[in-house]
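Here are a few exercises to try with the model open in your viewer. Have a go at each task before you read the solution.

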Amino acid sequence: MDKILTLAGEALFPITRDRHGNPLPVPPSTGFSVPGTIQGEGKLAGMPSLFIRLSGCNLRCIWRLEDGSFSRCDTPFASFDTREVVRIEVGELMELLQANLDETKHVVITGGEPMLQKDALIELTRRIKGELGLHISIETNGTIFSRELAGFIDLYSISPKLRNSDPDAEKLSALGLQMSGPFKYHPEKRKNLEVIQSFIDFARNNGKDFQLKFVIGRPEDEHEIKEEFLGKLHSWKPGDILLMPLGSASEELRKSARLTMEMAVRNGWRYSPRIHIDLFGNRQGV
Ligand SMILES: Nc1nc2[nH]cc(C(=O)O)c2c(=O)[nH]1
Ligand code: SF4
Ligand SMILES: [Mg+2]
């Protein structure tokens with residue numbers, strides 16, 4: 001029997017057809033007449049893509065912006081609150097993907113933290129490569145590695161979380177949340193240099209690509225990136241390091257954009273936009 005994936009929100013998005021190729025009754029959240037959107041972030045920003053969003057995350061990010069306001073994970077329905085999920089067999093997801101591909105050659109696997117479902121993902125990515133020959137990216141927080149899965153993926157988009165993402169008592173109480181399991185473990189789990197180095201080494205040795213994409217919300221982030229991550233990792237190039245402004249809405253992004261861009265220029269790193277948020281706002285399925 002096919003393995004089963006647990007997906008969040010719109011699962012595969014944006015799509016316009018069911019797995020038999022029949023039109024869906026509602027248009028996709030993009031409002032487009034065609035399936036697909038563009039990759040909004042990272043080295044492949046602008047690339048026509050379909051997204052698969054997996055449910056569940058081992059971290060619980062809540063950031064503090066420079067003005068003192070808070071910004072939590074931009075996909076809470078795939079991390080903080082996973083009550084609504086879609087369970088789908090790999091074979092069925094393959095049919096849905098195939099029915100919505102048209103000219104799109106890129107698939108992005110995101111979450112949540114997709115590596116939590118690595119067994120089902122190995123089956124899915126093996127079939128996507130073998131049967132459809134698509135380019136596959138994975139958006140991961142860099143806390144879990146699998147050699148077998150890495151072998152089927154072309155771009156590892158690793159987004160290690162900085163201290164500013166820790167859900168401390170003040171942030172939790174401001175958001176009316178309790179200090180329970182995942183919140184408590186976030187600070188000790190979020191940084192795993194061994195896992196990040198494994199992704200980098202595997203990419204270098206197997207003709208794959210990777211990027212380290214850091215979310216920037218305050219000036220101190222620069223020192224932490226250099227001392228606690230890049231200084232302890234090897235085999236990366238400045239062009240593999242991307243800085244992305246903090247925020248899940250355009251107004252938030254604007255607040256941190258200049259700080260982020262200046263930091264990128266100063267270090268020879270790259271700036272990553274979040275095009276889908278600028279174009280569509282903070283919405284699911286775009
Ligand atoms: N268009 C678009 N680009 C994205 N890049 C990363 C995304 C994510 O949610 O991981 C994302 C997303 O949700 N939509
Ligand atoms: S690691 Fe990503 S998906 Fe998980 S809580 Fe943080 S921002 Fe959300
Ligand atoms: Mg994301």
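Helices (H or I, at least four residues) and strands (E, at least two) are DSSP runs here, numbered from the N terminus. This is a predicted model, so local features need pLDDT of at least 70 and side-chain atom pairs count only at pLDDT 80 or more, while totals for chains, interfaces and linings use all residues. Residues are numbered from 1 along each chain as its sequence is written, chains are lettered from A and ligands numbered from 1 in the order in which they are written, and side-chain values use heavy atoms, with hydrogens and water left out.

**Exercise 1. Backbone oddities**

Task: Find the cis peptide bond that involves Pro14, and say which loop Pro14 is in.

Solution:
- Start with the bond: Phe13 and Pro14 are joined in cis, with omega about -15 degrees.
- Then place Pro14: the loop between β1 (4-13) and β2 holds it.
- Now try another pair: Gly111 and Gly112 are also linked by a cis peptide bond, with omega about 10 degrees. Gly112 belongs to the loop between β7 (106-110) and α2 (118-132).
- Finish with phi: Asp102 isn't a glycine, yet its phi is positive, about 45 degrees. Look for Asp102 in the loop between α1 (90-99) and β7.
- For background, most residues other than glycine have a negative phi, and most peptide bonds are trans.

**Exercise 2. The largest pocket**

Task: Describe the volume and lining of the largest pocket.

Solution:
- Fix the term: on a 1 Å grid over the protein atoms alone, a pocket is an open set of points where a 1.4 Å probe fits, with protein on both sides within 12 Å along at least five of seven lines; lining residues have an atom within 4 Å of a point.
- Next, the volume, meaning the space filled by probe spheres set on the points, which are joined across faces, edges and corners. The largest pocket comes to about 850 Å³.
- Of its 47 lining residues, Arg53, Asp74, Thr75, Gly111 and Arg274 are the closest to its centre.
- Sort the lining by class: 17 nonpolar, 19 polar and 11 charged. Ala, Val, Leu, Ile, Met, Phe, Trp, Tyr, Cys and Pro count as nonpolar, Asp, Glu, Lys and Arg as charged, and the others, Gly among them, as polar.

**Exercise 3. The ligands**

Task: Say where ligand 1 sits and which atoms contact it.

Solution:
- Ligand 1 takes up space in the largest pocket; sitting there requires more than half of its atoms within 2 Å of the grid points.
- Check the polar contacts (N or O pairs within 3.5 Å). A polar backbone atom of Ile38 is 2.7 Å from a nitrogen atom of ligand 1. Oxygen atoms of the ligand give 2.9 Å to a polar side-chain atom of Arg53 and 2.6 Å to one of Thr110.
- As for cover, the protein hides 93% of the 330 Å² of accessible area (Shrake-Rupley, 1.4 Å probe) that ligand 1 has on its own.
- Ligand 2 also occupies the largest pocket.

Terms used
A polar contact is a pair of N or O atoms within 3.5 Å; within protein, one must be able to donate a hydrogen and the other to accept it, and residues adjacent in sequence count only if both atoms are side-chain atoms.
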